[in-house]
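I opened my notebook to look up a few residues in this model and to write down what I found for each. The structure comes before the entries.

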Amino acid sequence: MVELSDGQRRVLVDKLPDVANVAAGAMVFGQFLGDRPFSMPLATAGAVAWLALSVVTLFLARRRES
């Protein structure tokens with residue numbers, strides 16, 4: 001298992017929500033900018049990616065406080 005220092009964990013907790021928002025924006029809202037029809041599987045993948053990254057962020061934040 002990878003052990004992170006407090007500084008590394010702090011940076012991840014700060015930046016992972018940004019990555020989650022970009023993933024959701026690209027896969028969900030980005031579809032409205034293209035010529036292709038709306039894809040529900042791609043939108044679902046974006047929502048799942050956002051949720052997964054948010055859960056990882058909460059896990060890392062909780063672990064830092066312990």
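**Entry: Thr-57**

I looked up Thr-57 first and, leaving aside its neighbours within four places in sequence, I found it in contact (heavy atoms within 4.5 Å) with Val-13, Leu-16 and Pro-17. I noted that this is a predicted model, in which local features need pLDDT of at least 70, side-chain atom pairs count only at pLDDT 80 or more, and totals for chains, interfaces and linings use all residues. Residues are numbered from 1 along each chain as its sequence is written, and side-chain values use heavy atoms, with hydrogens and water left out.

Thr-57 belongs to helix α2, residues 40-65, where a helix is a DSSP run of H or I with at least four residues, numbered from the N terminus. I asked myself whether Thr-57 is buried or exposed. Its relative accessible area is 8%, so I wrote it down as buried (under 20%, with exposed over 50% and partly exposed in between, using a 1.4 Å probe and protein chains only).

**Entry: Phe-32 and Phe-38**

I then turned to Phe-38, which sits in the loop between α1 (6-27) and α2, and I recorded it as partly exposed because its relative accessible area is 43%. For Phe-32 I noted 60%, so this residue is exposed.

The structure holds 1 aromatic pair (ring centres of Phe, Tyr or Trp, the last by its six-membered ring, within 6.5 Å). The rings of Phe-32 and Phe-38 have centres 5.5 Å apart and planes at 25°, so I entered the pair as stacked (planes under 30 degrees apart, with over 60 counted as edge-to-face and the rest as tilted).

Methods:
Helix = DSSP H or I, 4+ residues; strand = E, 2+ residues; numbered from the N terminus.
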